[in-house]
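Here is a short note to read beside the model. Take the points in order, and keep the 3D view open.

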Amino acid sequence: MSDLPGIVITGASGRMGQMLIRTVTESDKARLVGAVERTGHDWIGKDLGEAMGGAPSGVIVTDDPLEAFSGAQAVIDFTAPAATREFAKIAAQARLTHVIGTTGMDEDDIAALKPCARHAVIVRAGNMSLGVNLLTLLTKKVAAALDADWDIEVIEAHHNKKVDAPSGTALMLGEAAAEGRGISLAENRESGRDGITGARKHGAIGFSAIRGGDIVGEHDVLFAGMGERIILRHVATDRAIFARGALKAALWGQDKAPGEYDMMDVLGL
Ligand SMILES: NC(=O)C1=CN([C@@H]2O[C@H](COP(=O)(O)OP(=O)(O)OC[C@H]3O[C@@H](n4cnc5c(N)ncnc54)[C@H](O)[C@@H]3O)[C@@H](O)[C@H]2O)C=CC1
Ligand SMILES: O=C(O)C1=N[C@H](C(=O)O)C[C@H](O)C1
C-alpha cells in the first residue's frame, strides 16, 4: 500500500474535474483515491477511468462525499458554491486538506468556511496558476505607484459555459489593485455598465466580462492615465496550469496547521 497522500476530486466529470484527475493520476507525488459527482449524474457507480473513456482505474464515482473523504488526505474541489460549503463541513470532520478552486462564492459562503478551518487546512484561490498569482503582486505594486487619476479597469474573458462574473481571478486582481491604492474594493467597485451610466466615478475600479467560445481565461488590468496606458495581462491557454497549482496546494497542506490559506502562501509569494 502506497503512503503517498490520497486525493479525492469532486466535480469529477467537469472541465476542471477531468483535468485534475489526469494531473493527479500522472503525478508520482500523490494517488487518486476517490471521485465525487452530484446525485443523479450518469457517472455515479461507474469506474472513473471507463467513464472518462479510458481503461478501468479501480476508482468508482460516488455521490457520497462522506464515504469518499474517509481514508483520504486531501480533497480538490472545483464545483459550485453550495457544493463547496457542504464539502467543507465533511472535509473538516475528516481533518483533510481542502483545496477550493470554486469561484462565485458570496460573503456568506466564505464566512461558512471559517468554522471548518478550525479543523481542516483550507487553501482557497480564485486562480491557482503561478502566472496569475504573480500578476496579482504586480497589480498591487503598480496600483501603489499611481494615483487615483489613473483609472483601473479589470477586463476578463472566458468560455461560454462560465456561470459567474466577474471571474474569481478578476476579483483577486481588483482586490490587489484596491490594496495597492489603499482603498476598499467593496466601496469602489463599478461593473455591468449599460445605458446612460454617467461619467466614470473618480477612483473607481471597473470590471468588464466577455463570454465566448472555448476561451480558457484571459485577464487584463488596465491602468488608464492621461496620454498613456499600462496593461498587465495574463492569458491561460491550458487548464493544466490550474490543476498543477491545486495539486501543489494539496501536497503543501499536508504538514500545515488548520486554517485558511491561499495560493500566495503555497507559492511563498
Ligand atoms: N481557482 C481556479 O484556478 C479555477 C477555478 N475554476 C472554477 O472551478 C469551478 C468549476 O469550473 P468548471 O470545471 O469549468 O465547471 P464545470 O461545470 O465543468 O464542472 C463543475 C462540476 O461540479 C459538479 N458538481 C456540482 N455540484 C456538485 C455536487 N453537489 N457534488 C458533486 N459535484 C458537483 C458538476 O456536476 C460538474 O461536473 C468554477 O467555479 C470555476 O470558476 C475553474 C478553473 C480554474
Ligand atoms: O470558470 C473558469 O473557467 C475559470 N475560472 C476561474 C475564475 O473565475 O477566475 C479561473 C480561470 O480564469 C478559469
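**Notes on the ligand shells and the two domains**

1. Start with helix α1, residues 15-26. This helix gives the most to the shell around ligand 1, with three residues. Keep in mind that the model is predicted.

2. Now take the whole shell of ligand 1. It holds 25 residues. The closest are Gly 11, Gly 14, Met 16, Ala 83 and Gly 101. Sorted by class, 14 residues of this shell are polar, eight are nonpolar and three are charged.

3. Which residues surround ligand 2? They are Thr 103, Gly 126, Asn 127, His 158, Lys 162, Ser 167, Gly 168, Thr 169 and Gly 217. Check the classes here too. The shell around ligand 2 has eight polar residues, one charged residue and no nonpolar ones.

4. Next, the record. An unreviewed UniProt entry lists His 159, Gly 168 and Thr 169 under "binding site". Gly 168 and Thr 169 also appear in the shell around ligand 2.

5. Look at His 159. It sits in the loop between β7 (151-158) and α8 (168-181). Is His 159 buried or exposed? The answer is partly exposed, because 13 other C-beta atoms lie within 10 Å, while a buried residue needs 20 or more. Leaving out residues up to four places away in sequence, His 159 touches Gly 213, Asp 214 and Ile 215.

6. Compare Gly 168. This residue is placed in helix α8. Gly 168 counts as buried because it has 20 C-beta neighbours inside 10 Å, and the cut-off for buried is 20 or more. Beyond its neighbours within four places in sequence, Gly 168 is in contact with Thr 103, Gly 126 and Asn 127. Those three residues are also listed around ligand 2.

7. Step back to the domains. The assignment gives domain 1 as 6-124 + 239-267, and domain 2 as 130-236. How far apart are the C-alpha centres of domain 1 and domain 2? They lie 28 Å apart.

8. Last, find where the domains meet. Eight residues of domain 1 are in contact with nine residues of domain 2. On the domain 1 side, α10 (240-252) and α11 (263-267) are the elements that give two or more residues. Helix α11 has the largest share, with three residues. By class, the domain 1 side has four nonpolar residues, three polar and one charged.

How values were computed: Residues numbered from 1 in each chain as written. Chains lettered and ligands numbered in written order. Predicted model: local features only at pLDDT ≥ 70, side-chain atom pairs only at ≥ 80, totals over all residues. Near = placed C-beta within 6 Å. Helix = DSSP H or I, 4+ residues; strand = E, 2+ residues; numbered from the N terminus. Nonpolar A, V, L, I, M, F, W, Y, C, P; charged D, E, K, R; others polar. UniProt positions renumbered as here; feature names shortened; annotations may be inferred. Buried ≥ 20, exposed ≤ 12 C-beta atoms within 10 Å, placed from the backbone. Contact = placed C-beta atoms within 7 Å. Domains from an automatic or database assignment.
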